[in-house]
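The report below describes selected features of one protein model, taking helix by helix what was computed from the atoms. Please read the text alongside the sequence and the structure shown here.

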Amino acid sequence: MANFFRIVNAIILWAIVIKFLPKKSLKRYLPVTLFCAGNLLILSLLNFIFKWWKVKGGTKFLIFDDLAFIYGPFFTMNLWVFHFTYGKFSIYALTNLIMDLLFAFPLSALFQKIGHYKLNKLNSLGLFIYVLCFRIIKLRISNDVRKRS
């Protein structure tokens with residue numbers, strides 16, 4: 001069930017981006033989104049050392065799960081957030097805060113319930129702090145990109 005959810009989720013989200021996101025926005029926000037996805041990938045690799053979360057099926061499924069999340073919902077949602085909040089920093093920061101709260105608390109519980117992953121050494125508050133710190137880095141990078149545009 002979880003693998004089906006991962007694949008369908010990524011396909012649907014990318015289809016929506018390709019169909020509806022203006023090409024100019026994709027070109028403008030692709031570098032910062034790729035950079036953030038790469039950083040999240042590095043943090044996911046650190047999970048092998050620190051064991052923050054686990055996925056049923058071992059390493060192969062953990063890698064698949066991380067890649068499906070990073071280049072599925074994380075990547076596509078960030079493109080949309082950049083597109084809709086360009087030039088509105090306070091709305092951008094508030095949108096990211098709301099997304100982090102939703103991910104860390106109700107969505108994380110849902111994903112764990114359907115077998116998507118299981119938090120191991122993190123609880124929901126730890127996950128929120130984890131993603132919030134990552135967003136602060138992303139905010140800094142996106143501000144630099146916006147200044148150059």
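Leu40 lies in helix α2, and in this predicted model the residue is buried, because its relative accessible area of 8% falls under the 20% limit used for that class. The C-alpha atom of Leu40 is 23 Å from that of Phe4, a residue 36 positions away along the chain.

Leu30 is also placed in helix α2, but Leu30 has a relative accessible area of 30% and is therefore partly exposed. Between the C-alpha atoms of Leu30 and Phe103 there are 22 Å in space, while 73 residues separate the two along the chain.

Following helix α2 comes a loop that leads to β1 (53–54), and Lys51 is located in this loop. Most residues other than glycine have a negative phi. Lys51, however, has a positive phi near 55° although the residue is not glycine. With a relative accessibility of 42%, Lys51 counts as partly exposed.

**Helix packing**

Two packed helices are described by the angle between their axes and by the distance between those axes. For α2 (residues 23–50) and α3, the axes come within 9 Å and cross at roughly 150°, and since angles over 145 degrees count as roughly antiparallel, α2 and α3 are assigned to that class. The crossing of α2 and α3 is right-handed.

The pair formed by α3 (residues 59–85) and α4 has axes that come within 10 Å and cross at roughly 150°, so that α3 and α4 are likewise roughly antiparallel to each other. Where α3 passes α4, the crossing is right-handed.

**The nonpolar surface patch**

Which residues make the nonpolar surface patch of about 890 Å²? The patch is made by Leu94, Leu97, Ile98, Leu101, Leu102, Phe105, Leu107, Leu110, Ile114, Leu125 and Ile129. Helix α4 (89–113) and helix α5 (124–148) each supply at least two residues of this patch, and the largest share, 8 residues, comes from α4.

Ile114, one of the patch residues, is found in the loop between α4 and β2 (118–119). The relative accessible area of Ile114 is 31%, which makes this residue partly exposed; the value also lies over the 30% that a residue must exceed in order to be counted in a patch.

Ile129, another member of the patch, has its place in helix α5. Ile129 is partly exposed, with a relative accessible area of 45%, and its C-alpha atom lies 28 Å from that of Arg28, although the two residues are 101 positions apart in sequence.

Ser124 is likewise found in helix α5. How is Ser124 classed, buried or partly exposed? Ser124 has a relative accessible area of 23% and is therefore partly exposed, since the buried class requires a value under 20%. From Ser124 to Lys23 the distance is 36 Å, C-alpha to C-alpha, with their positions 101 residues apart in sequence.

**Separations between C-alpha atoms**

The residue pairs discussed above are brought together here.

| Residue pair | Separation in sequence | C-alpha to C-alpha distance |
|---|---|---|
| Leu40 and Phe4 | 36 residues | 23 Å |
| Leu30 and Phe103 | 73 residues | 22 Å |
| Ile129 and Arg28 | 101 residues | 28 Å |
| Ser124 and Lys23 | 101 residues | 36 Å |

Definitions and conventions:
Residues are numbered from 1 along each chain as its sequence is written. This is a predicted model: local features need pLDDT of at least 70, side-chain atom pairs count only at pLDDT 80 or more; totals for chains, interfaces and linings use all residues. Side-chain values use heavy atoms; hydrogens and water are left out. Patches are made of residues with over 30% relative accessible area and no salt bridge: like charges are joined within 9 Å, nonpolar side chains (Val, Leu, Ile, Met, Phe, Trp, Tyr) within 5 Å. Accessible areas come from the Shrake-Rupley method with a 1.4 Å probe; for residues, only the protein chains shown count as cover. A salt bridge is a side-chain nitrogen of Lys or Arg within 4 Å of a carboxyl oxygen of Asp or Glu. Helices (H or I, at least four residues) and strands (E, at least two) are DSSP runs, numbered from the N terminus. Buried means under 20% relative accessible area, exposed over 50%, partly exposed in between (1.4 Å probe, protein chains only). Axes are lines fitted to C-alpha atoms, for helices over the stretch in contact, and angles run from 0 to 180 degrees between N-to-C directions. Angles under 35 degrees count as roughly parallel, over 145 as roughly antiparallel, 65 to 115 as roughly perpendicular and the rest as oblique. A crossing is left-handed if the near helix is turned anticlockwise from the far one by less than a right angle, and right-handed if clockwise.
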